[in-house]
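Colleague: Could you take me through one part of this model, the place where the ligand sits, and tell me what surrounds it there?

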Amino acid sequence: MIRKLQANDREQLVSIINKTDNFSNEEKKVAVELIDEAIGNPNHEYYNVFIYENDGKIAGYHCTGKRALTDGVFDLFWIVVDNNGQNKGIGKQLLDHAENFVKENKGRWILAETSSKDVYNATRNFYMRNNYSIVSQIKDFYTINDNLIVFGKYIKT
Ligand SMILES: CC(C)(COP(=O)(O)OP(=O)(O)OC[C@H]1O[C@@H](n2cnc3c(N)ncnc32)[C@H](O)[C@@H]1OP(=O)(O)O)[C@@H](O)C(=O)NCCC(=O)NCCS
């Protein structure tokens, strides 16, 4: 089932984040900061964290929220599945959930920013196969030879 974040989810989430091979240490730190921010403010305006749980064990999460200064564009800030539970369709269920969240909140775009690094190949394939397209790219964004790639899907109402 997919449900809202609870404060006592923190330990399992930190462990999942730290086990994610393609995240750099800095990315892990930022992912944990966002979880802490969401736990500290359950009605956070931008950070809505939803947990995929099976028999009390967390298998993944997504964090989705409205982009400031827009009236209907949402960011998928993070989507992570425990590396022991990947390739079983959990990511797709989380992505569908994020899209429904956007729909329920009368959004029109969902955007996911990612990197062009090889370690993100599987992640980019995941978005493409779920009918996201590349809506924007910025060369040498994160660092030289690491571009920003923005995937997006226009949500039909
Ligand atoms: C990207 C990510 C969230 C995808 O999660 P996932 O649970 O592995 O996703 P799914 O299982 O829905 O899909 C992954 C693949 O498994 C395949 N798959 C799904 N169910 C399957 C099944 N029952 N049997 C065999 N294969 C299956 C899908 O076809 C899919 O292949 P594709 O991506 O090449 O199209 C996950 O890989 C992840 O956490 N990556 C690290 C963190 C990251 O990069 N996050 C994004 C940036 S914040």
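Modeller: Happily! Let's start with Gln86: an N or O atom in its side chain is 3.5 Å from an oxygen atom of the ligand, which fits a polar contact, a pair of N or O atoms within 3.5 Å. Do keep in mind that this is a predicted model, where local features need pLDDT of at least 70, side-chain atom pairs count only at pLDDT 80 or more, and totals for chains, interfaces and linings use all residues. Residues are numbered from 1 along each chain as its sequence is written, and side-chain values use heavy atoms, with hydrogens and water left out.

Arg129 also reaches the ligand through its side chain, with an N or O atom 3.2 Å from a ligand oxygen. Val81 uses its backbone instead: a polar atom there is 2.8 Å from an oxygen of the ligand. The protein covers 71% of the 930 Å² of accessible area that the ligand has on its own (Shrake-Rupley method, 1.4 Å probe).

Around the ligand are 19 residues, and Ile79, Val81, Gly89, Gly91 and Arg129 come nearest (a residue is near if one of its heavy atoms lies within 4 Å). β4 (73-81), α3 (90-104) and α4 (121-129) each give two or more residues to this shell; helices are DSSP runs of H or I with at least four residues, strands are E runs with at least two, and numbering starts at the N terminus.

The ligand sits in the largest pocket, meaning that more than half of its atoms lie within 2 Å of the grid points. A pocket is an open set of points on a 1 Å grid over the protein atoms alone, with protein on both sides within 12 Å along at least five of seven lines, and lining residues have an atom within 4 Å of a point. To that lining β4 gives the most, with 7 residues.

How values were computed:
A polar contact is a pair of N or O atoms within 3.5 Å; within protein, one must be able to donate a hydrogen and the other to accept it, and residues adjacent in sequence count only if both atoms are side-chain atoms. On a 1 Å grid over the protein atoms alone, a cavity is a set of points where a 1.4 Å probe fits but cannot get out, and a pocket is an open set with protein on both sides within 12 Å along at least five of seven lines; lining residues have an atom within 4 Å of a point.
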